[in-house]
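Here is a friendly walk through one protein model, from single residues up to domains. Keep the viewer open and follow along.

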Amino acid sequence: MTYDLVIVGGGVWGSAAAQAAVRAGSSVLLLEANIGLAQESSAKSGGILTDLLWHPEDQAFVRRSRELYAEARETSVDVSVARKVGMLTLAEGEHGTALQHRTQDLRDRGIPFELLDRREIVRRFPRLDRLREDTVALWTPNDWHLNPTAYAQEATAAARGAGLTVRSQSHVDGIRLEDGKVSVQAGGAMYEGHRALIAAGTWTRKLVRLAGLDLALMPYRVQLSSLELGEPHQLPIVWHLSTDVYLVPDGEKDVLAGDGTRLSEFDPDDYQTSGDDQFEEEIAERLLMVSSLGERAGLRSSWAGLVGATPDRRPLVGRLGDRLYVACGDQGIGVMRGPAIGELAAKVALDLAEAPHLRPDRFPPEPFEIRPGFTLD
Ligand SMILES: Cc1cc2nc3c(=O)[nH]c(=O)nc-3n(C[C@H](O)[C@H](O)[C@H](O)COP(=O)(O)OP(=O)(O)OC[C@H]3O[C@@H](n4cnc5c(N)ncnc54)[C@H](O)[C@@H]3O)c2cc1C
């Protein structure tokens, strides 16, 4: 059988692309190296979805992703697919001023928010008891916590009966572009598609190289830890701009704390997947800058994952070679935008949409300065 579209990579992006392509009436084969979907970066993420992204296109991606996550939540038995928990962005000094400047943009977009002074922050969230006098906070109550793995399962579940074939434990190790079709080799088997979409996260560059192509994608490393606080914390998602630490509630008494970003290039097949000693030592100390909960915080575990940088921090979506398309370049904010970008990528691959400004060949495949994606600018 020759599929309309072969998708390589079953993370949030590839799963969303598969769903969108099936909805457009295509036959789709989704090849995933792991035993289950969304077990790599998507599973390692903090799961934050926020409207505090400043690029208008990202704001639109988040809006569309919200709709797709909400749809999955409606049909899934797993209520953790998407939960409204709210996010508190804390800042002091210059960062505080920068944060206040951003409120006009939120107002213009109709995003609910409140600007809180230190007294009001502590009144609402008493465990934030170590804040500096000049701390201000932006409270965005509609921000969500996501479970990307549950989303990927749900997004593909309905599509499986409607034109989607999923092959897990299928590690792609060969791609050939031939006249009129793409041949993809995985686990000793050969599959054919009229077109192929590589949505393999930070592995995407290695995969397109199998077809003799290349692109400007540099994987960098981010870290997260699970901290046991030993008592109920009643915290929302907290992002402390001055230390660049974020906390994500993980049950009543635990939080996930990140980020320990290392802005240099890593190999997705050869990097340390546990947290660095230094990150583990510092993370509770950094928590102490906002809360005394850090005093008794115990480290349950820590891990590192890779995210993909591009020269302009915008995703790479579109045609790279004859019948070969890609979707990558998440900049560490790919769970919150993933369903929308995956959908767009599928539509571009099927000639149902255009995104010339995201063309994957808009940069030469050369080294560039890696800059983080989740920032205030
Ligand atoms: C610690 C950490 C915290 C993060 N926090 C957030 C957050 O709070 N909010 C947010 O929006 N984003 C966050 N991110 C980023 C987010 O996780 C990524 O942007 C997102 O998961 C990218 O999804 P993806 O589908 O492109 O990649 P992935 O989830 O990595 O999926 C790629 C898939 O391709 C498969 N694959 C690779 N090679 C092959 C092959 N040869 N053959 C077959 N399959 C292959 C892999 O197995 C994998 O399943 C975080 C990331 C990390 C690491």
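Is Q169 buried or exposed? Q169 is exposed, with a relative accessible area of 56%; here buried means under 20% relative accessible area, exposed over 50%, and partly exposed in between (1.4 Å probe, protein chains only). This is a predicted model, in which local features need pLDDT of at least 70 and side-chain atom pairs count only at pLDDT 80 or more, while totals for chains, interfaces and linings use all residues. Residues are numbered from 1 along each chain as its sequence is written, and side-chain values use heavy atoms, with hydrogens and water left out.

**Backbone points to look at**

Q169 sits in the loop between β9 and β10 (172–178). Helices (H or I, at least four residues) and strands (E, at least two) are DSSP runs, numbered from the N terminus. D351, in the segment after α10, is another residue to click on. The table sets the two side by side.

| Residue | Phi (not a glycine) | Relative accessible area |
|---|---|---|
| Q169 | positive, about 50 degrees | 56%, exposed |
| D351 | positive, about 65 degrees | 54%, exposed |

A cis peptide bond joins G258 and D259, with omega at about 20 degrees. D259 belongs to strand β16 (residues 254–262).

**Strand β2 and its neighbours**

Strand β2 (residues 28–31) is buried along its length: V28 and L30 point one way, L29 and L31 the other, and all are buried. In a regular strand the side chains alternate between the two faces of the sheet. Strands count as paired if DSSP finds at least two bridges between them. Strand β1 (residues 2–8) pairs with β2 in the parallel sense over four bridges, and L5 has V28 as its bridge partner in β2. From β1 the chain passes through helix α1 (residues 12–23) to β2, a β-α-β crossover that is right-handed; that is, with the strands pointing away from the viewer, the path from the first strand over the helix to the second runs clockwise. Strand β9 (residues 164–167) also runs parallel to β2, joined by four bridges, and here V28 stands opposite L164.

**A second sheet**

An open sheet of three strands has the order β3-β8-β4, with antiparallel pairing. Its edge strands, β3 (48–49) and β4 (82–84), each pair on one side only. Two bridges link β3 to strand β8 (residues 144–146), and the partner of L49 in β8 is W144.

**The core and helix α3**

The largest nonpolar core has 68 residues, of which I7, Y69, Y151, L164 and L197 touch the most other members. Such a core is a set of buried Ala, Val, Leu, Ile, Met, Phe, Trp, Tyr and Cys residues joined through side-chain atoms within 4.5 Å. Helix α10 (residues 334–349) gives the most to this core, with nine residues. Leaving out residues up to four places away in sequence, Y151 touches, among others, V12, L68, Y69 and P339, where contact means heavy atoms within 4.5 Å.

Among the buried residues of α3 are F61, L68, Y69 and A72, and also E57, D58 and R66. The 20 residues of helix α3 (residues 56–75) should span 28 Å at 1.5 Å a residue, and the end C-alpha atoms, 30 Å apart, agree with that. The expected span is 1.5 Å times one less than the number of residues.

**Two domains**

The protein chain is divided into domain 1 (2–76 + 147–217 + 310–358) and domain 2 (87–141 + 219–309), with bounds from an automatic or database domain assignment. Their C-alpha centres lie 29 Å apart, and 22 residues of domain 1 are in contact with 28 residues of domain 2.
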